[in-house]
Amino acid sequence: MTYTSSLLRLLDERGYIHQMTDAAGLDALAAKQVVPGYIGFDATAPSLHVGSLVQIMMLRRLQQAGHKPIVLMGGGTTKVGDPSGKDESRKMLTPETIRANIASIRRVFERLLTFGDGPTDAVMVDNDEWLGKLGYIALLRDVGPHFTINRMLAFDSVKLRLEREQPLTFLEFNYMILQAYDFRELAQGQACRLQMGGSDQWGNIVNGIELARRMDGAELFGLTTPLLTTADGAKMGKTAAGAVWLNEEQLPAYDFWQYWRNCDDRDVGRFLRLFTDLPLGEIARLEALEGAAINDAKVVLANEVTKLCRGADSAAAAEATARETFAGGGLGGDLPTLEVDGEGIRLGAACTALGFTASNGEAKRKITEGAVRLDDVVMDDPGMLIALAAGESRKLSLGKKRHGVLKGI
């Protein structure tokens, strides 16, 4: 389909579009007026991770195309838990923790979106503002009749949990009703016409569109992105050492930069289109590089994404550290650092503490495989005690790409 609106052309050429509820209708609407659109994010941690970045970039593209991004923080739905893609119930968080998480998460959005009071300025809202005020009986009477148990049981997010014989609480079962109500509330209070999200949210988005149509006669639209995995099939944003967090407090800039620098050759072009603002012509040139030259494209990718999420200074420092560590064989100033007291630390424990491995058991396997080096010398004893004098530093490496500093205190 050839789109007339700059919004859908931009999303299409950058690879964001998977499904739309009414492509022609949304295209016509976006061509003639500012379209407020939203994506919801639950506040289960102080930071979102890289798996959420494609959704954040969708809001950025919405604003770049002259429309209004609405960031919906799930202060209310975080209390319930979205069953989509989960094998177990979510841990319950206190209201104070949820509020603190939202404040921390907002910092990433402030880097990527322009907030304000203008017609295309982004706004952040919290669904606890309306969900927290709903009387349960009133909700059941007004909204409940528009949902059937038969259809709710047919959703993948529910079926997968039941097929795996994993518990699905009644609290979580209500999540899809609350998310549908969010779309209706935003349509009424913010003139929102579009909900976007990952492909796993398609059913929840359609629920909201149908609820608003049945209760208010409103015409709303939905758009989802493809399921984002790396070329080797891994889930985006997950590594052996844990999640790739967007906030600096949860993951140092150098580790964040290295995640992008170490991506699969096959992912470079796609990631440049999704996660950077580089012109498409320049992206085509970079992804056409072959052999060792593709590493230049990966450095560009790492720099551009780190600039957007962490700032230009963090990107420059991470690149300089990588250059010094890899080319000069030294200890780059931005490498992750572990302080070691006078008692020292075992080699395996040091690998885990630096985030190289997810557990001491994994560290032991890596060491026995000969993948761990101390000051570029291969180590073979996971239990070796590393003792450092105050101020002394040594470089610990896993493979060719993971490096850290052990510093005596």
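**Notes on an open sheet, a helix pair and a buried arginine**

1. Let's start with one residue pair: Lys395 has Val405, in strand 15, as its bridge partner. Please keep in mind that this is a predicted model.

2. The strands around that pair come next. Strand 14 covers residues 393-398 and pairs with strand 15 in the antiparallel sense, over six bridges. Three residues lie between these two strands in their hairpin, where Gly399 takes a positive phi near 65°. If you check backbone torsions, Gly399 is one to look up.

3. Strand 15 itself spans residues 402-408, and with five of its seven residues buried, the strand is mostly covered. Strand 15 also pairs with strand 9, this time in the parallel sense and over four bridges. In that pairing, Leu338 stands opposite Leu406 of strand 15.

4. How do these strands fit into the whole sheet? Five strands make up an open sheet with mixed pairing, and their order is 9-15-14-11-12. Strand 9 (337-340) and strand 12 (377-378) are at the edges; each has a single partner strand, so one side of each is left without a neighbour in the sheet.

5. At the strand 12 edge, the partner is strand 11 (residues 372-374), and the two pair in the antiparallel sense over two bridges. Here Leu374 has Val377 of strand 12 as its bridge partner.

6. Now to the helices. Helix 10 (residues 175-190) packs with helix 11 (residues 202-216) at an angle of about 55°, and their axes are 8 Å apart. The two helices are therefore oblique to each other, and their crossing is right-handed. On the helix 10 side, the contact is made by Met176, Gln179, Ala180, Tyr181, Phe183, Arg184 and Gln188. Helix 11 contributes residues including Ile205, Gly208, Leu211, Ala212 and Met215. Sorted by class, this contact has nine nonpolar, five polar and two charged residues.

7. Is Arg60 of helix 3 (residues 53-64) buried or exposed? Its relative accessibility is 15%, and buried means under 20%, so Arg60 counts as buried. Once neighbours within four places in sequence are left aside, Arg60 is in contact with Arg111, Leu112, Leu113, Asp277 and Leu308. Among these contacts you will find another arginine, Arg111, as well as Asp277.

Key:
Residues are numbered from 1 along each chain as its sequence is written. This is a predicted model: local features need pLDDT of at least 70, side-chain atom pairs count only at pLDDT 80 or more; totals for chains, interfaces and linings use all residues. Side-chain values use heavy atoms; hydrogens and water are left out. Axes are lines fitted to C-alpha atoms, for helices over the stretch in contact, and angles run from 0 to 180 degrees between N-to-C directions. Angles under 35 degrees count as roughly parallel, over 145 as roughly antiparallel, 65 to 115 as roughly perpendicular and the rest as oblique. A crossing is left-handed if the near helix is turned anticlockwise from the far one by less than a right angle, and right-handed if clockwise. Contact means heavy atoms within 4.5 Å. Ala, Val, Leu, Ile, Met, Phe, Trp, Tyr, Cys and Pro count as nonpolar, Asp, Glu, Lys and Arg as charged, and the others, Gly among them, as polar. Two strands pair if DSSP finds at least two bridges between them. Buried means under 20% relative accessible area, exposed over 50%, partly exposed in between (1.4 Å probe, protein chains only).
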